[in-house]
Amino acid sequence: MKFNHILAGSVFLTVMGMTFSCDYLDVDEYFDDTLKYDSVFSNKRYFEAYLWGAAAQLPDESKIFGHEYAPGITAGDDIFTVMSTDIFRGSAFTLGYVTPDDLRGMNIWSDMYKIIRKANIMLSRMDECQDMTTADRRNYTGYIHFLRGYAYYHILMNCGPAILVGDQVYESNLDGIAYNNYRATYDETVEYICSELETAAAYLPVRSSMAQFERPARGAAYALIARVRLHAASPLFNGTSVTRKYFGKWQRSYDGANYVNLNYDERKYALAAAACKRVMDMQAYELFTVKKDQSTPDLPEGVPTADFPSGAGGIDPFKSYSYMFTGDEPFKNNSEVIWGRISGEVSAYTQQSFPEFMGGYNGMGLTQKMIDAYRMDDGRTIEEARADGDYKEGPNDFTDGPRDFSGYHLEGGIWQMYANREMRFYACVGFSGCYWPALSTTQNDVRNQVVEYCLDGNANKYASNTTAENYTPTGYVIKKYISSYDAWKGDGNERYEKGFPIIRYAEILLSYAEALNELTASHSVTLPSGETYMLSRDVNEIASAFNQVRYRAGLPGLKAAELNDRDELFEQIKRERMVEFLGEGRRFYDVRRWGIYEDEDSEPIMGLNIEANKNGGFYQRTVVNERNYRDRVVDKRLLFLPISKSELRKVPLLDQNPGYSD
């Protein structure tokens with residue numbers, strides 16, 4: 001069934017909008033002097049405006065392609081750009097430009113304490129609102145605790161352990177020593193965040209109404225707890241050899257306490273698994289799918305044909321994955337989105353992937369490592385298919401005729417590397433020879449174009465008429481959020497409205513499988529909301545969760561040998577998350593929590609030879625020859641953002657993150 005589309009570019013007012021720069025615990029300077037606090041907290045309407053004004057200062061998590069609030073995906077190993085580091089702050093981070101003296105606009109620490117102060121003010125003065133009902137107070141209490149927990153969440157994920165100020169409201173007219181406090185440990189910060197989100201969940205509705213789509217509901221609080229719990233259980237933060245390698249000497253100067261616990265605790269994985277299972281048991285979410293139709297290709301041999309979710313039958317795997325992001329189906333109707341937002345940022349940054357002759361900037365490159373992570377359509381890795389003679393990379397290995405499936409057109413004569421790949425590959429990868437429909441425009445030289453990145457191609461390195469940075473350094477671009485309807489040039493060009501999933505159900509399923517995989521004993525976990533779970537490494541439970549993600553992509557599930565080998569299953573999970581969450585900002589955090597960041601980011605960034613013609617060596621794996629790669633820094637200090645020197649001067653007991661000078 002098709003719906004009417006809301007096109008990007010329409011005015012949209014969101015409650016979770018801009019990032020606001022501010023100092024730790026400073027007074028609320030932006031608030032209108034003509035409306036004093038006594039007025040704000042005597043009137044429900046003013047109070048609610050203050051609440052959503054505070055929420056609007058939260059980071060925009062959909063800002064992952066530029067002007068990021070945190071390093072985001074351009075600091076990972078899956079996307080690489082040579083565009084300005086003033087725009088792509090992740091690139092600045094990997095080049096070592098982000099320092100305590102210059103955070104490049106990523107002021108998470110100070111920005112979040114501004115929000116925390118507002119939350120504390122609201123909690124302390126809410127009873128002053130005489131026209132607020134009991135139901136109103138419950139409603140606002142849930143949102144305020146979520147707001148506070150979510151602000152601490154951003155501190156934890158990007159800066160590490162936080163200063164936990166509790167309900168304290170710091171005034172602005174005190175001596176500096178009054179603000180002096182020390183950081184909690186990592187585990188203490190985790191527990192505080194989870195406690196805040198548990199409190200929020202007790203008051204929040206199970207689901208938000210369509211009119212309040214972007215407001216967090218109970219599932220958002222529970223899902224963020226699951227994410228935080230899994231991070232806390234992961235090797236970097238859970239007393240493994242990796243923990244000792246990175247944090248063994250990181251101690252609090254105040255009392256010598258280790259910021260990160262050096263003793264392994266398997267129960268942390270049980271807590272993460274229980275948190276995931278609670279979201280699953282809500283039965284409020286399911287993987288998004290689109291029913292198969294006459295354009296849906298037959299499933300390859302070996303892929304279970306039972307109806308989804310028991311197999312890949314009855315659905316269109318390409319559309320089921322692609323339409324979540326492209327706007328071809330309304331984002332607000334998506335049953336997989338636990339919490340998300342309509343995003344003008346994502347819509348605007350699709351222009352970075354379009355070639356310049358189609359109105360874009362041509363610079364959002366995917367790495368060869370990302371391309372290689374995608375499987376063949378029958379579930380084999382490219383290494384397995386190569387061994388069978390079914391995967392080729394020879395300079396003369398090109399396909400014969402064209403192929404059409406699920407509304408996607410695959411040109412004939414493309415390189416064999418791109419033939420017979422899984423559906424997520426075609427949904428996400430713009431490769432040389434890829435077909436770009438741009439159907440919203442009627443202009444013939446923009447609509448229905450084949451884009452090529454080789455030196456003699458129409459989107460080559462030197463094709464730009466505006467700036468030398470407008471090219472892909474790898475010979476690939478990300479197309480994940482681009483619909484066949486979208487165009488940036490030509491008569492009638494417009495784009496579908498885009499949504500961004502802050503957290504979606506696929507993450508809960510894969511996180512549940514990951515957490516169960518690490519258990520060596522049975523654990524009983526009772527959550528604050530009352531649910532009790534008995535948890536162990538149950539391969540049937542793991543397969544049931546993990547395989548849904550594979551089946552939705554039209555792939556076979558896990559093999560028995562993979563399920564029975566803990567290390568092999570972990571490798572399957574790592575690869576699946578890399579592919580499933582491309583362009584959603586998860587990879588940056590995953591490689592860090594797994595303790596593999598330095599290993600992964602030390603690998604050469606590769607693509608194809610963009611300095612060669614199509615038949616003269618373009619189709620050759622090549623290490624990118626770009627300053628943004630040559631000067632790239634791989635160092636343990638890049639696990640976290642630094643804390644600014646101004647904050648350190650303000651709070652003498654505040655310790656800097658490892659590897660950064662004070």
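The following exercises, each with a worked solution, concern a predicted model.

**Exercise 1. Determine how helix α10 is placed in the structure, what it packs against and what lies at its ends.**

Step 1: Begin with burial, for which the cut-off is a relative accessible area under 20%. In helix α10, which spans residues 317-326, 10 of the 10 residues are buried, so the helix is largely enclosed by the rest of the structure.

Step 2: Next, look for the partners of these buried residues, among them Phe318, Tyr321 and Phe325. The buried residues of α10 pack against the strands β4 (403-405), β5 (408-410) and β10 (499-504), and also against the helices α14 (423-428), α16 (539-552) and α18 (566-580).

Step 3: Finally, inspect the two ends of the helix. The N-terminal end of α10 is capped by Asp316, which has a side-chain oxygen 3.2 Å from the backbone nitrogen of Phe318, while Gly327, just after α10, takes a positive phi of about 90°.

**Exercise 2. Describe the pairing of strands β11 and β12, and sort the residues of β12 by face.**

Step 1: Establish the pairing. Strands β11 (residues 523-526) and β12 run antiparallel and are joined by four bridges, with His523 standing opposite Leu535 in β12.

Step 2: Follow the chain through the hairpin, where five residues lie between the strands and Gly530 takes a positive phi near 110°.

Step 3: Assign the faces of β12 (residues 532-535): Tyr533 and Leu535 form the covered face, whereas Thr532 and Met534 form the uncovered one.

**Exercise 3. Work out which parts of the chain are linked by the salt bridges of Lys369, Asp167 and Glu598.**

Step 1: Take Lys369 out of the 50 salt bridges that the structure holds. Lys369 pairs with Asp77, their closest N and O atoms being 2.6 Å apart. The pair links distant parts of the chain, since Lys369 lies in helix α12 (residues 368-373) and Asp77 in the loop between α2 and β1, 292 residues apart. Lys369 is partly exposed, at a relative accessible area of 22%, but Asp77 is buried, at 7%.

Step 2: Turn to Asp167, which forms a salt bridge with Arg148 at a closest N and O distance of 2.8 Å. Here Asp167 lies in the loop between α5 and α6, and Arg148 in helix α5, 19 residues apart. Asp167 counts as exposed at 54% relative accessibility, whereas Arg148 is buried at 2%.

Step 3: Finish with Glu598 and Lys245, whose closest N and O atoms are 3.8 Å apart. Glu598 lies in helix α20 and Lys245 in helix α8, so this salt bridge ties together parts that are 353 residues apart in sequence.

Conventions. Residues numbered from 1 in each chain as written. Predicted model: local features only at pLDDT ≥ 70, side-chain atom pairs only at ≥ 80, totals over all residues. Heavy atoms only, no water. Buried < 20%, exposed > 50% of the residue type's maximum accessible area, 1.4 Å probe, protein only. Helix = DSSP H or I, 4+ residues; strand = E, 2+ residues; numbered from the N terminus. Pairing = 2+ DSSP bridges. Contact = heavy atoms within 4.5 Å. Polar contact = N/O pair within 3.5 Å; in protein donor to acceptor, adjacent residues only side chain to side chain. Salt bridge = Lys/Arg side-chain N within 4 Å of Asp/Glu carboxyl O.
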